[in-house]
Each structure stands twice: as C-alpha cells, then as structure tokens.
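Here are some short exercises to work through with the model open beside you. Try each task before you read its solution.

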Amino acid sequence: MNSSGMVPAGTELAREMGLSEEMAECIDNCRSCELVCLGMATGHCLRKGGRHVEEDHLRTMIVCARTCALAAEVLTTGSSLHRQMCAVCADVCDACIASCEDLDEMELCIEACRRCKDSCEAMTDM
C-alpha cells in the first residue's frame, strides 16, 4: 500500500516491487495491449462484421489479449522466465499486427501491439 492506503497500480507498483523502469513500462504496455485487443475484438470487430469477424482474426486478437495479460503477470513476479514469456508475447503481437493490417480502422490495435512487441523484445535481453 502507498501513503494514501491504496494499492498502487502499474508503474508505481512495479517500482515498489523493485522492478526496473523498463519492466514497469513493459507491464503497462502489455496491459494496454490486452485491453485494446480484447475491447476491439468484442466491440469494433463485432460491430464491423465481414472480414473483421473471421474466425482466425478474432482468435488471433483474443490470444494476443490473453498472452499480453500473462506476460504482464510473469513480469510482475520478477521471474527470469519473463524472457521466454516476452519472446512469445512479441511473436503473438506480431501475428496480431499482421492480421489487423489487412483490415480498416484497426490502427489502435496495431499501435498497441507494436508498443507491446517492442517492449517485450527489449525484455528478452534483461
């Protein structure tokens, strides 16, 4: 708990746990990507229809969201296994980017996945 009696979130929590700024940023990027992918898959894509609701595309977005969530959780533990998890997360984000690039109005997802992918790739060497 912080001085206000609240449990800190995101970057503040990572700092309190002794994680590096880079890890804290990666956790935030993973969480953001999780929410964007899941939200767009169950919101924008379902409303848009057509190619946006093709099985492979929706599955890729949902797997991306879940992988990003797990990567953030593994990073939060401080385990050295974060390297492997982040490598997988970067690969899944890359697949999601490729799936979304073929569709219109998916820029928010593409950008969230790029930020997450870049952060996760940096974590594979830490």
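**Exercise 1. Describe the overall fold of this predicted model.**

Solution. Begin with the secondary structure: the protein chain has 6 helices and 0 strands. Next, read along the sequence, where the pattern is α-α-α-α-α-α. Then look at burial: of the 126 residues in the protein chain, 45% are buried. Finally, turn to the contacts with a separation of 6 or more: 65% of them join residues 24 or more positions apart.

**Exercise 2. Work out how α2 and α4 are arranged relative to each other.**

Solution. Step one is to locate the helices: α2 covers residues 21–42 and α4 covers residues 55–77. Step two is the geometry, since two packed helices are described by the angle between their axes and the distance between the axes. Here the axes come within 8 Å and cross at roughly 155°. Step three is to classify the angle: values over 145 degrees count as roughly antiparallel, and α2 and α4 are therefore roughly antiparallel to each other. Step four is the handedness, and α2 passes α4 in a left-handed crossing. By class, this contact of α2 with α4 has 19 nonpolar, 1 polar and 4 charged residues.

**Exercise 3. Do the same for α4 and α5, and say which residues meet.**

Solution. Take the angle and the distance together: α4 and α5 pack at about 155°, with their axes 9 Å apart. The cut-off for roughly antiparallel is over 145 degrees, so α4 and α5 are roughly antiparallel to each other. The crossing of α4 past α5 is left-handed.

Now list the partners. The residues from α4 include H57, T60, M61, C64 and L75, and those they meet in α5 include H82, C86, C89, A95, C96 and C100. By class, the contact of α4 with α5 has 17 nonpolar, 5 polar and no charged residues.

**Exercise 4. Follow T60 and H82, two members of that contact, to their surroundings.**

Solution. Start with T60, which sits in helix α4. Its relative accessibility is 15%, so T60 counts as buried. Leaving out residues up to four places away in sequence, T60 touches A95, C96 and S99.

Move on to H82 in helix α5. H82 is buried because its relative accessible area is 3%. Beyond its neighbours within four places in sequence, H82 is in contact with M23, V74, L75, M123 and M126. One of these partners, M23, is 59 residues from H82 along the chain, and the C-alpha atoms of the two are separated by 9.7 Å.

**Exercise 5. How many disulfides does a search of the whole structure find?**

Solution. Recall first that a disulfide is a covalent bond between the sulfur atoms of two cysteines. The search finds 0 disulfides. Check C96 as an example: the nearest cysteine sulfur, that of C113, is 3.8 Å away, and C96 is in no disulfide. The cut-off for a disulfide is 2.5 Å between the sulfur atoms. Repeat the check for C113: the nearest cysteine sulfur belongs to C33, at 3.6 Å, and C113 is in no disulfide.

Are these two cysteines buried or exposed? C96 is buried, at 0% relative accessibility, and C113 is buried too, with a relative accessible area of 0%.

**Exercise 6. Describe the setting of C109, then that of S119.**

Solution. C109 lies in helix α6, which spans residues 107–123. With a relative accessible area of 0%, C109 is buried. Apart from neighbours within four places in sequence, its contacts are V36, C37, M40, M61, C96 and C100. C109 and C37 are 72 residues apart in sequence, but their C-alpha atoms are 5.8 Å apart in space.

S119 is also found in helix α6. S119 is buried, at a relative accessible area of 10%. Setting aside residues up to four places away in sequence, S119 touches E25, C26 and N29.

**Exercise 7. Where is E105, and what is its phi near?**

Solution. Place E105 on the chain: it is in the loop between α5 (82–101) and α6. Next, read the backbone: phi of E105 is near 60°, a positive value in a residue other than glycine. Last, consider accessibility: at 43% relative accessible area, E105 is partly exposed.

Terms used: Residues numbered from 1 in each chain as written. Predicted model: local features only at pLDDT ≥ 70, side-chain atom pairs only at ≥ 80, totals over all residues. Heavy atoms only, no water. Helix = DSSP H or I, 4+ residues; strand = E, 2+ residues; numbered from the N terminus. Buried < 20%, exposed > 50% of the residue type's maximum accessible area, 1.4 Å probe, protein only. Contact = heavy atoms within 4.5 Å. Axes fitted to C-alpha atoms, helices over the stretch in contact; angles between N-to-C directions. Parallel < 35°, antiparallel > 145°, perpendicular 65-115°, else oblique. Left-handed = near helix turned anticlockwise from the far one by under 90°. Nonpolar A, V, L, I, M, F, W, Y, C, P; charged D, E, K, R; others polar.
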